[in-house]
Amino acid sequence: MTGEKKVLLLEDDDFDAAVTRELLEKCCRRPFIVERCKLLSEACSLLARDEFLAVLVDMNLPDSNGLDTVREVHQTNPETPIVVLSGTDDASIAVAALGIGAQDYLPKTALDSRALERVIQY
């Protein structure tokens with residue numbers, strides 16, 4: 001990986017994407033380049049040809065839904081850590097996401113700068 005610290009944000013909602021990007025800019029001690037995709041197909045294309053520090057994944061997208069989104073991201077690049085940012089605070093979905101390749105699961109209601117910094121750093 002080059003000196004750039006890139007994070008891939010897979011989020012179709014403009015408001016949620018703006019909030020996440022702002023939290024990344026404010027919270028982290030080192031600057032990140034945030035590349036955003038609104039579609040799973042776009043994200044998989046980027047993951048296949050570029051390196052990212054992490055992928056922040058919304059599971060419900062126009063071209064994919066639920067755990068299939070996490071599974072596809074993981075299959076495309078199993079080396080890149082996946083953090084699910086979900087609108088659903090459901091422990092069973094979190095456990096299932098972790099079981100298929102996600103490294104962490106954060107409900108969007110619990111998303112703040114400290115939580116985001118923790119998952120990106122570790």
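**Ser64 and the sheet around it**

Visitor: Between which two elements does the loop with Ser64 lie?
Guide: This is a predicted model in which local features need pLDDT of at least 70, side-chain atom pairs count only at pLDDT 80 or more, and totals for chains, interfaces and linings use all residues. Residues are numbered from 1 along each chain as its sequence is written, and side-chain values use heavy atoms, with hydrogens and water left out. Helices (H or I, at least four residues) and strands (E, at least two) are DSSP runs, numbered from the N terminus. The loop holding Ser64 lies between β3 (54-57) and α3 (67-76).

Visitor: Is Ser64 buried or exposed?
Guide: Buried means under 20% relative accessible area, exposed over 50%, and partly exposed in between (1.4 Å probe, protein chains only). Ser64 has a relative accessible area of 11%, so Ser64 is buried.

Visitor: Which residues is Ser64 in contact with, leaving aside neighbours within four places in sequence?
Guide: Contact means heavy atoms within 4.5 Å. With those neighbours left aside, the residues in contact with Ser64 are Leu40, Met59 and Thr69.

Visitor: In what order do the five strands form the open sheet?
Guide: Two strands pair if DSSP finds at least two bridges between them. The pairing in this open sheet is parallel, and three bridges join β3 to β4 (residues 82-86). The order of the five strands is β2-β1-β3-β4-β5.

Visitor: Which are the edge strands?
Guide: An edge strand here pairs on one side only. The edge strands are β2 (33-37) and β5 (104-107).
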